Amino acid sequence: MTAYAFRRLLQVPFVLLVVYAGSVALVAITPGDPLATGERELTPEARRAKEIKYNYDQPAFKRYFYTWPIKRLLIDRDLPAHRYEDWTVPEIMRASLPVSLQLGLFAFCLAVVGGATVGILSAARRNTWLDYLSVALAMVGVSVPPFVVAAALLFVFGLWLGVLPIGGWGQVSHVVLPAVTLSLPFMAYIARLTRAGMLDVIGQDYIRTARAKGVSPRRVLLVHAFKNAFLPVLSYLGPAAAAILTGSFVVEKIFTVPGMGTHIVESISNRDQTVILATVLTYSAFLILFNLLVDLAYGLIDPRIRLGKEG
(Lines give C-alpha, C1' and ligand atoms only; values in the text may rest on other atoms or scores of the structure.)
Protein backbone atom coordinates (compact mmCIF):
# COMPACT_ATOMS: atom_id res chain seq x y z
CA MET A 1 0.00 0.00 0.00
CA THR A 2 2.86 2.39 0.79
CA ALA A 3 4.53 1.67 -2.53
CA TYR A 4 1.25 2.24 -4.35
CA ALA A 5 0.73 5.59 -2.61
CA PHE A 6 4.29 6.62 -3.45
CA ARG A 7 3.80 5.79 -7.12
CA ARG A 8 0.60 7.78 -7.22
CA LEU A 9 2.29 10.77 -5.62
CA LEU A 10 5.02 10.66 -8.27
CA GLN A 11 2.32 11.03 -10.93
CA VAL A 12 0.86 14.18 -9.38
CA PRO A 13 3.28 16.72 -10.96
CA PHE A 14 2.76 15.26 -14.42
CA VAL A 15 -1.03 15.27 -14.10
CA LEU A 16 -1.00 18.86 -12.87
CA LEU A 17 1.26 19.84 -15.76
CA VAL A 18 -1.12 18.33 -18.32
CA VAL A 19 -4.14 20.04 -16.76
CA TYR A 20 -2.30 23.35 -16.52
CA ALA A 21 -1.11 23.15 -20.12
CA GLY A 22 -4.67 22.54 -21.31
CA SER A 23 -5.89 25.50 -19.26
CA VAL A 24 -3.15 27.71 -20.68
CA ALA A 25 -4.18 26.76 -24.21
CA LEU A 26 -7.81 27.66 -23.50
CA VAL A 27 -6.84 30.95 -21.85
CA ALA A 28 -4.52 31.88 -24.71
CA ILE A 29 -7.15 31.37 -27.42
CA THR A 30 -9.91 33.18 -25.51
CA PRO A 31 -10.78 36.37 -27.39
CA GLY A 32 -10.32 39.72 -25.71
CA ASP A 33 -7.54 41.81 -24.26
CA PRO A 34 -6.70 40.78 -20.67
CA LEU A 35 -5.05 44.15 -20.06
CA ALA A 36 -8.09 46.19 -21.08
CA THR A 37 -9.62 48.10 -18.19
CA GLY A 38 -13.13 48.24 -19.62
CA GLU A 39 -13.05 52.03 -19.48
CA ARG A 40 -11.13 54.33 -21.80
CA GLU A 41 -8.37 53.01 -23.98
CA LEU A 42 -4.94 52.75 -22.39
CA THR A 43 -2.21 55.13 -23.47
CA PRO A 44 0.95 53.50 -24.87
CA GLU A 45 2.83 54.36 -21.67
CA ALA A 46 0.15 52.92 -19.37
CA ARG A 47 -0.13 49.80 -21.48
CA ARG A 48 3.63 49.30 -21.40
CA ALA A 49 3.64 49.63 -17.61
CA LYS A 50 0.90 47.02 -17.34
CA GLU A 51 2.71 44.64 -19.66
CA ILE A 52 5.78 44.83 -17.43
CA LYS A 53 3.75 44.45 -14.23
CA TYR A 54 1.94 41.33 -15.48
CA ASN A 55 4.94 39.94 -17.44
CA TYR A 56 3.28 40.27 -20.84
CA ASP A 57 6.58 41.63 -22.12
CA GLN A 58 7.99 38.09 -21.81
CA PRO A 59 7.52 35.24 -24.30
CA ALA A 60 4.24 33.41 -23.72
CA PHE A 61 5.85 30.07 -22.86
CA LYS A 62 8.11 31.62 -20.22
CA ARG A 63 5.27 33.68 -18.76
CA TYR A 64 2.77 30.82 -18.49
CA PHE A 65 5.10 27.98 -17.47
CA TYR A 66 7.79 29.64 -15.38
CA THR A 67 7.20 33.25 -14.33
CA TRP A 68 3.58 33.02 -13.24
CA PRO A 69 3.25 29.53 -11.68
CA ILE A 70 6.76 29.03 -10.29
CA LYS A 71 8.50 32.34 -9.69
CA ARG A 72 5.68 34.73 -8.86
CA LEU A 73 3.09 32.33 -7.38
CA LEU A 74 5.13 29.73 -5.49
CA ILE A 75 8.45 31.49 -4.80
CA ASP A 76 7.84 35.25 -4.61
CA ARG A 77 4.10 34.97 -3.78
CA ASP A 78 3.44 38.29 -5.50
CA LEU A 79 1.53 37.18 -8.60
CA PRO A 80 -0.78 40.13 -9.33
CA ALA A 81 -4.46 39.83 -10.16
CA HIS A 82 -5.59 41.78 -13.19
CA ARG A 83 -8.79 43.17 -11.66
CA TYR A 84 -7.67 43.64 -8.04
CA GLU A 85 -5.09 46.38 -7.92
CA ASP A 86 -4.43 45.98 -4.19
CA TRP A 87 -4.56 42.15 -4.01
CA THR A 88 -2.22 39.49 -5.24
CA VAL A 89 -3.42 36.03 -6.29
CA PRO A 90 -1.98 34.32 -3.16
CA GLU A 91 -3.81 36.86 -0.98
CA ILE A 92 -7.08 36.20 -2.81
CA MET A 93 -6.68 32.46 -2.38
CA ARG A 94 -5.74 32.75 1.31
CA ALA A 95 -8.92 34.77 1.89
CA SER A 96 -11.33 32.78 -0.27
CA LEU A 97 -10.14 29.16 -0.03
CA PRO A 98 -10.92 28.73 3.72
CA VAL A 99 -14.44 30.05 3.07
CA SER A 100 -15.03 27.52 0.30
CA LEU A 101 -13.54 24.75 2.44
CA GLN A 102 -15.79 25.56 5.40
CA LEU A 103 -18.89 25.62 3.21
CA GLY A 104 -17.79 22.52 1.33
CA LEU A 105 -16.96 20.51 4.46
CA PHE A 106 -20.40 21.15 5.93
CA ALA A 107 -22.08 20.28 2.62
CA PHE A 108 -19.93 17.16 2.19
CA CYS A 109 -20.82 15.79 5.64
CA LEU A 110 -24.47 16.57 5.00
CA ALA A 111 -24.38 14.79 1.63
CA VAL A 112 -22.64 11.66 2.94
CA VAL A 113 -24.68 11.27 6.13
CA GLY A 114 -27.99 12.18 4.52
CA GLY A 115 -27.45 10.16 1.35
CA ALA A 116 -26.24 7.03 3.16
CA THR A 117 -29.12 7.21 5.64
CA VAL A 118 -31.74 7.57 2.93
CA GLY A 119 -30.15 4.77 0.90
CA ILE A 120 -30.07 2.34 3.84
CA LEU A 121 -33.66 3.08 4.82
CA SER A 122 -34.82 2.75 1.23
CA ALA A 123 -33.12 -0.64 0.83
CA ALA A 124 -34.39 -1.88 4.18
CA ARG A 125 -37.97 -0.88 3.29
CA ARG A 126 -37.88 -1.94 -0.33
CA ASN A 127 -41.12 -1.53 -2.32
CA THR A 128 -42.79 0.49 0.43
CA TRP A 129 -43.90 4.11 0.40
CA LEU A 130 -40.62 5.08 2.07
CA ASP A 131 -38.64 3.44 -0.75
CA TYR A 132 -40.73 5.10 -3.45
CA LEU A 133 -40.49 8.49 -1.74
CA SER A 134 -36.70 8.30 -1.35
CA VAL A 135 -36.23 7.25 -4.97
CA ALA A 136 -38.46 10.12 -6.14
CA LEU A 137 -36.60 12.65 -4.00
CA ALA A 138 -33.27 11.33 -5.27
CA MET A 139 -34.41 11.77 -8.86
CA VAL A 140 -35.49 15.32 -8.11
CA GLY A 141 -32.20 16.09 -6.39
CA VAL A 142 -30.18 14.86 -9.36
CA SER A 143 -32.39 16.48 -11.99
CA VAL A 144 -33.11 19.96 -10.61
CA PRO A 145 -30.30 22.50 -11.28
CA PRO A 146 -28.67 24.07 -8.21
CA PHE A 147 -29.76 27.60 -9.15
CA VAL A 148 -33.43 26.48 -9.09
CA VAL A 149 -32.96 24.87 -5.66
CA ALA A 150 -31.17 27.99 -4.43
CA ALA A 151 -33.98 30.25 -5.64
CA ALA A 152 -36.61 28.05 -3.98
CA LEU A 153 -34.75 27.94 -0.66
CA LEU A 154 -34.17 31.70 -0.73
CA PHE A 155 -37.85 32.36 -1.34
CA VAL A 156 -39.17 29.92 1.29
CA PHE A 157 -36.69 30.26 4.15
CA GLY A 158 -35.27 33.71 3.44
CA LEU A 159 -38.18 35.82 2.18
CA TRP A 160 -41.38 33.97 3.11
CA LEU A 161 -40.53 32.48 6.52
CA GLY A 162 -37.64 34.84 7.24
CA VAL A 163 -35.81 32.32 9.42
CA LEU A 164 -32.48 32.31 7.55
CA PRO A 165 -30.39 35.05 5.91
CA ILE A 166 -30.48 35.23 2.12
CA GLY A 167 -26.76 35.94 1.75
CA GLY A 168 -23.52 36.98 3.37
CA TRP A 169 -20.92 35.20 5.44
CA GLY A 170 -19.63 35.19 9.01
CA GLN A 171 -22.36 33.47 11.02
CA VAL A 172 -23.48 29.86 11.32
CA SER A 173 -26.87 30.74 9.85
CA HIS A 174 -25.17 31.93 6.66
CA VAL A 175 -23.90 28.40 5.97
CA VAL A 176 -27.24 26.57 6.06
CA LEU A 177 -28.91 27.52 2.76
CA PRO A 178 -25.80 27.38 0.54
CA ALA A 179 -24.65 24.11 2.15
CA VAL A 180 -28.04 22.46 1.63
CA THR A 181 -28.15 23.68 -1.97
CA LEU A 182 -24.62 22.47 -2.61
CA SER A 183 -25.16 19.07 -0.99
CA LEU A 184 -28.51 18.07 -2.53
CA PRO A 185 -27.26 16.69 -5.90
CA PHE A 186 -24.47 14.75 -4.21
CA MET A 187 -26.79 13.53 -1.45
CA ALA A 188 -29.26 12.24 -4.03
CA TYR A 189 -26.58 10.39 -5.98
CA ILE A 190 -25.10 8.88 -2.82
CA ALA A 191 -28.58 7.72 -1.79
CA ARG A 192 -29.04 5.98 -5.14
CA LEU A 193 -25.63 4.31 -4.96
CA THR A 194 -26.18 3.22 -1.36
CA ARG A 195 -29.60 1.78 -2.11
CA ALA A 196 -28.30 -0.17 -5.12
CA GLY A 197 -25.31 -1.45 -3.16
CA MET A 198 -27.39 -2.47 -0.18
CA LEU A 199 -29.90 -4.35 -2.33
CA ASP A 200 -27.06 -6.20 -4.02
CA VAL A 201 -25.36 -7.13 -0.74
CA ILE A 202 -28.47 -8.05 1.26
CA GLY A 203 -29.10 -11.12 -0.90
CA GLN A 204 -25.63 -12.61 -0.49
CA ASP A 205 -24.82 -15.71 1.52
CA TYR A 206 -22.89 -14.10 4.37
CA ILE A 207 -25.87 -11.84 5.15
CA ARG A 208 -28.18 -14.84 5.35
CA THR A 209 -25.62 -16.57 7.56
CA ALA A 210 -25.49 -13.58 9.91
CA ARG A 211 -29.26 -13.55 10.16
CA ALA A 212 -29.34 -17.31 10.81
CA LYS A 213 -26.93 -16.83 13.71
CA GLY A 214 -29.37 -14.46 15.35
CA VAL A 215 -27.61 -11.17 14.62
CA SER A 216 -30.01 -8.25 15.05
CA PRO A 217 -31.41 -6.75 11.82
CA ARG A 218 -29.92 -3.37 12.63
CA ARG A 219 -26.43 -4.84 13.05
CA VAL A 220 -26.81 -6.86 9.86
CA LEU A 221 -27.62 -3.70 7.90
CA LEU A 222 -25.19 -1.24 9.49
CA VAL A 223 -22.19 -3.52 10.09
CA HIS A 224 -22.26 -6.51 7.76
CA ALA A 225 -24.10 -5.16 4.72
CA PHE A 226 -23.22 -1.46 4.70
CA LYS A 227 -19.45 -2.01 4.80
CA ASN A 228 -19.40 -3.69 1.38
CA ALA A 229 -22.32 -1.73 -0.04
CA PHE A 230 -20.41 1.47 0.64
CA LEU A 231 -17.58 0.63 -1.80
CA PRO A 232 -19.36 2.06 -4.90
CA VAL A 233 -20.16 5.17 -2.88
CA LEU A 234 -16.54 5.47 -1.83
CA SER A 235 -15.34 5.62 -5.43
CA TYR A 236 -17.73 8.52 -6.02
CA LEU A 237 -16.60 10.47 -2.95
CA GLY A 238 -13.23 11.42 -4.47
CA PRO A 239 -14.45 13.69 -7.26
CA ALA A 240 -17.52 14.64 -5.20
CA ALA A 241 -15.36 15.86 -2.31
CA ALA A 242 -13.16 17.87 -4.65
CA ALA A 243 -16.20 19.47 -6.27
CA ILE A 244 -17.86 20.25 -2.94
CA LEU A 245 -14.88 21.36 -0.88
CA THR A 246 -13.63 23.82 -3.48
CA GLY A 247 -17.04 25.41 -3.65
CA SER A 248 -19.69 25.77 -6.29
CA PHE A 249 -19.52 28.69 -8.70
CA VAL A 250 -23.29 29.10 -8.92
CA VAL A 251 -24.06 28.57 -5.24
CA GLU A 252 -21.40 30.95 -3.97
CA LYS A 253 -22.42 33.62 -6.46
CA ILE A 254 -26.14 33.37 -5.61
CA PHE A 255 -25.63 33.49 -1.84
CA THR A 256 -22.79 36.08 -2.08
CA VAL A 257 -20.34 33.78 -0.35
CA PRO A 258 -16.80 35.23 -0.65
CA GLY A 259 -15.22 31.94 -1.71
CA MET A 260 -13.16 30.78 -4.65
CA GLY A 261 -16.26 30.21 -6.75
CA THR A 262 -17.18 33.89 -6.65
CA HIS A 263 -13.67 34.94 -7.63
CA ILE A 264 -13.37 32.47 -10.49
CA VAL A 265 -16.68 33.67 -11.97
CA GLU A 266 -15.51 37.26 -11.83
CA SER A 267 -12.06 36.41 -13.19
CA ILE A 268 -13.56 34.57 -16.18
CA SER A 269 -15.85 37.51 -16.91
CA ASN A 270 -12.91 39.92 -16.70
CA ARG A 271 -10.36 37.65 -18.46
CA ASP A 272 -8.17 37.67 -15.35
CA GLN A 273 -5.72 35.00 -16.50
CA THR A 274 -3.63 34.81 -13.34
CA VAL A 275 -6.62 34.08 -11.08
CA ILE A 276 -8.07 31.59 -13.57
CA LEU A 277 -4.88 29.55 -13.86
CA ALA A 278 -4.15 29.61 -10.12
CA THR A 279 -7.70 28.43 -9.37
CA VAL A 280 -7.46 25.63 -11.94
CA LEU A 281 -4.25 24.40 -10.31
CA THR A 282 -5.92 24.47 -6.89
CA TYR A 283 -8.99 22.58 -8.08
CA SER A 284 -6.83 20.01 -9.88
CA ALA A 285 -4.69 19.43 -6.79
CA PHE A 286 -7.80 18.83 -4.67
CA LEU A 287 -9.25 16.43 -7.22
CA ILE A 288 -6.03 14.38 -7.40
CA LEU A 289 -5.66 14.35 -3.60
CA PHE A 290 -9.18 13.12 -2.90
CA ASN A 291 -9.00 10.46 -5.60
CA LEU A 292 -5.78 9.20 -4.02
CA LEU A 293 -7.39 9.12 -0.57
CA VAL A 294 -10.32 7.15 -1.98
CA ASP A 295 -8.01 4.57 -3.56
CA LEU A 296 -6.15 4.14 -0.27
CA ALA A 297 -9.42 3.88 1.67
CA TYR A 298 -10.51 1.10 -0.69
CA GLY A 299 -7.65 -1.04 0.57
CA LEU A 300 -8.47 -0.32 4.19
CA ILE A 301 -12.16 -1.17 3.84
CA ASP A 302 -11.84 -4.23 1.57
CA PRO A 303 -8.80 -6.46 2.34
CA ARG A 304 -9.26 -8.26 -0.99
CA ILE A 305 -8.30 -5.09 -2.85
CA ARG A 306 -5.26 -4.56 -0.65
CA LEU A 307 -4.09 -8.13 -1.10
CA GLY A 308 -4.62 -7.93 -4.85
CA LYS A 309 -2.46 -4.84 -5.14
CA GLU A 310 0.28 -6.29 -3.02
CA GLY A 311 0.24 -9.44 -5.14
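Me: What is the relative accessible area of Asp76?

Reply: This is a predicted model, where local features need pLDDT of at least 70, side-chain atom pairs count only at pLDDT 80 or more, and totals for chains, interfaces and linings use all residues. Residues are numbered from 1 along each chain as its sequence is written, and side-chain values use heavy atoms, with hydrogens and water left out. Asp76 is partly exposed (buried is under 20% relative accessible area, exposed over 50%, partly exposed in between; 1.4 Å probe, protein chains only). Its relative accessible area is 36%.

Me: Which residue forms a salt bridge with Asp76?

Reply: Look for a side-chain nitrogen of Lys or Arg within 4 Å of a carboxyl oxygen of Asp or Glu. For Asp76, the closest N and O atoms of the pair are 2.7 Å apart. The partner is itself partly exposed, with a relative accessible area of 34%. That partner is Lys71.

Me: How many salt bridges does a search of the whole structure find?

Reply: The bridge between Lys71 and Asp76 is one example, and another joins Asp131 to Arg195. A search of the whole structure gives a total of six.

Me: How many residues apart in sequence are the parts that Asp131 and Arg195 tie together?

Reply: Asp131 and Arg195 form a salt bridge whose closest N and O atoms are 2.8 Å apart. Asp131 sits in helix α5 and Arg195 in helix α7 (helices are DSSP runs of H or I, at least four residues, and strands are runs of E, at least two, numbered from the N terminus). The pair therefore ties together parts whose separation in sequence is 64 residues.

Me: Which residue, with 1% relative accessibility, counts as buried?

Reply: Take the two ends of the bridge between Asp131 and Arg195. Arg195 has 22% relative accessibility, so this residue counts as partly exposed. The residue at 1%, which counts as buried, is Asp131.

Me: How far apart are the closest N and O atoms of Glu266 and Lys253?

Reply: Glu266 is partly exposed at 27% relative accessible area, and Lys253 counts as partly exposed at 39%. Their salt bridge links distant parts of the chain, 13 residues apart, with Glu266 in helix α12 (residues 260–269) and Lys253 in helix α11 (residues 249–254). The closest N and O atoms are separated by 3.5 Å.

Me: Which residues are joined into one network by salt bridges that share partners?

Reply: Here we look past single pairs. Salt bridges that share partners make one network out of Arg47, Arg48 and Glu51.
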